[in-house]
Amino acid sequence: MAPLKMIHAFIFSFLSDAAADKCITFGKNMLNEVDNCQSVSDLKTTPEVVDFKRQATWATEVDSGLAVLIGDTVQIWRGGSDFTEISLGGFTSPVGAALLDGKLYVACFGSWPTPVGDSGLAVIDVAGQFLESTHSYSDSEMHVHNVYAFDFGGKKEIFAAILGNPWKGPLSGRGLSRLDRESGSFDLDTTTERLSVRSAKQQSDGSIFVLTQEPAGEQTKLARLEERNGHLVKEAETLLPPRSDGDGGADVVLGVETNTLWVTDRGAWSGKLYHFQYNDGQFTQNAERETGANPRYAVVLDSGDIVVCNQNGNDLSLFKGLANSPTDASISEVRLAQGMDAPMFFMKTSALGSQSNSDTAWWHHHEL
């Protein structure tokens with residue numbers, strides 16, 4: 001029986017490793033990958049030298065692995081050297097993606113400062129691994145900055161975050177615009193008020209928190225939207241504290257408790273992480289933390305750890321257990337330089353199984 005038990009133990013260990021989480025930071029020309037990642041304490045300082053030649057801005061789980069946005073492409077990564085590159089049909093600067101019913105909806109920011117028909121949503125058939133269609137946003141002068149699959153009208157719908165144009169005009173955005181997936185057109189009046197939405201998260205009760213990016217010098221807005229009669233109505237709004245420089249609003253993330261959230265606000269050479277609580281039509285700021293320079297994407301891990309990617313600082317801000325104790329002053333920021341330029345996106349995922357570090361050797365000095 002002993003040999004059989006040993007075989008069973010080996011198989012169990014192998015399967016456990018195969019489902020183990022990876023922590024991956026995506027940045028400019030490289031990534032940092034940690035196997036069997038449980039906590040921010042497991043993160044390392046040595047990156048994989050991928051040599052993307054382009055910026056990796058976002059990643060999301062798909063049925064066949066991860067979809068990574070690199071340059072003006074989507075690359076389906078299944079681990080090791082297994083990549084499939086998919087073009088975006090002339091759309092440029094992908095900034096976010098959402099999966100729904102086997103389709104990957106990719107938000108494309110377009111040309112700066114004003115799009116030239118290249119801002120909107122590109123739709124990829126994940127199983128077939130091809131670009132199915134592109135849909136320019138109806139207002140050609142506005143930028144799309146992300147895309148989400150949210151509950152709406154009793155089912156999942158696709159919404160684009162319409163930033164507007166803070167640089168030219170400026171033009172206020174249109175909040176969240178629903179994509180009619182049959183016609184390919186956008187509902188410009190989905191959100192009843194003008195909001196320059198950059199990031200959004202939906203709670204289990206259906207309410208949506210959005211964070212804006214305003215023109216230079218103006219304070220970032222945080223708002224709560226609720227569905228009413230086929231529209232999204234603003235129920236509450238507050239301003240983040242003034243800042244001296246930078247682009248302001250970056251990311252909004254749900255907290256551990258209902259109606260709590262974390263938001264990042266960007267200074268060019270500084271950054272803030274704020275904790276807010278919503279109650280009876282009012283937002284209350286409960287905590288404020290310093291981050292690195294120009295904080296971008298943020299994530300709250302299941303452990304309660306918080307990770308913030310600091311683009312200009314070339315590092316991560318790590319807060320161990322902070323999500324579980326938002327006002328605990330004894331929890332200090334740990335700044336981790338991972339040896340990469342412009343970290344943009346961090347994720348913890350089991351979608352790639354357990355690839356050893358040697359499996360990524362193909363990446364070195366290889367242009368994707």
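# Pockets, hairpins and sheets

Biologist: How much space lies in the largest pocket?

Modeller: The largest pocket holds about 610 Å³. A pocket here is an open set of points on a 1 Å grid over the protein atoms alone, where a 1.4 Å probe fits and protein lies on both sides within 12 Å along at least five of seven lines; lining residues have an atom within 4 Å of a point. The points are joined across faces, edges and corners, and the volume is what probe spheres set on them fill.

Biologist: Which residues are closest to the centre of the largest pocket?

Modeller: A59, T60, Y297, F345 and M347, out of 24 that line the largest pocket. Two or more lining residues come from each of β3, β7 (94–100), β11 (143–152), β19 (248–254), β23 (295–300) and β27 (341–349). A strand is a DSSP run of E, at least two residues, numbered from the N terminus.

Biologist: Before we go on, what kind of model is this?

Modeller: It's a predicted model, where local features need pLDDT of at least 70 and side-chain atom pairs count only at pLDDT 80 or more, while totals for chains, interfaces and linings use all residues. Numbering runs from 1 along each chain as its sequence is written, and side-chain values use heavy atoms, with hydrogens and water left out.

Biologist: OK. What volume has the second largest pocket?

Modeller: About 500 Å³ for the second largest pocket. Of the 24 residues lining the second largest pocket, V95, H145, R198, R296 and M344 are the closest to its centre.

Biologist: And which elements give two or more residues to that second lining?

Modeller: For the second largest pocket, they are β3, β7, β11, β15 (197–202), β19, β23 and β27.

Biologist: β3 turned up there, so let's stay with β3. In which sense do β3 and β4 pair?

Modeller: Antiparallel, with six bridges between β3 and β4. Pairing takes at least two DSSP bridges between two strands. A hairpin of two residues links β3 to β4. A59 faces V68 of β4 across that pairing, and A59 is also one of the residues closest to the centre of the largest pocket.

Biologist: Then what comes after β4? How many bridges join β4 to β5?

Modeller: Five, and β4 and β5 (residues 73–77) are antiparallel. I70 has T73 in β5 as its bridge partner. Two residues sit between the strands in the hairpin of β4 and β5, and G71 there takes a positive phi near 60°.

Biologist: Is β4 largely enclosed or exposed?

Modeller: Largely enclosed by the rest of the structure, because six of the six residues of β4 (65–70) are buried. Buried means under 20% relative accessible area, exposed means over 50%, and partly exposed is in between, with a 1.4 Å probe and protein chains only.

Biologist: Pick one residue in β4 for me. How far apart are L66 and T349 in space?

Modeller: L66 and T349 are 9.1 Å apart, C-alpha to C-alpha, though 283 residues separate them in sequence. L66 sits in strand β4, and L66 counts as buried because its relative accessibility is 0%.

Biologist: What about S41, buried or exposed?

Modeller: Exposed, at 52% relative accessible area. S41 is in the loop between β2 (31–34) and β3 (56–62). From S41 to V334, C-alpha to C-alpha, is 9.8 Å in space, with their positions 293 residues apart in sequence.

Biologist: Changing topic: T220. Where does T220 lie?

Modeller: T220 is in the loop between β16 and β17. T220 is buried, because its relative accessibility is 0%. The two strands around that loop, β16 (residues 208–212) and β17 (residues 221–228), run antiparallel and are joined by four bridges. V210 has A223 in β17 as its bridge partner.

Biologist: In what order do the strands of that open sheet go?

Modeller: β15-β16-β17-β18, four strands with antiparallel pairing. β15 and β18 (231–239) are the edge strands, and each pairs on one side only.

Biologist: And β11, which open sheet has that one?

Modeller: β11 belongs to an antiparallel open sheet of four strands, ordered β11-β12-β13-β14. β11 and β14 (186–187) are at the edges with a single partner strand each, so one side of each has no neighbour in the sheet.

Biologist: What about the inner pair, how many bridges do β12 and β13 have?

Modeller: Seven, in the antiparallel sense, between β12 (residues 155–165) and β13 (residues 171–179). G164 is opposite S172 in β13.
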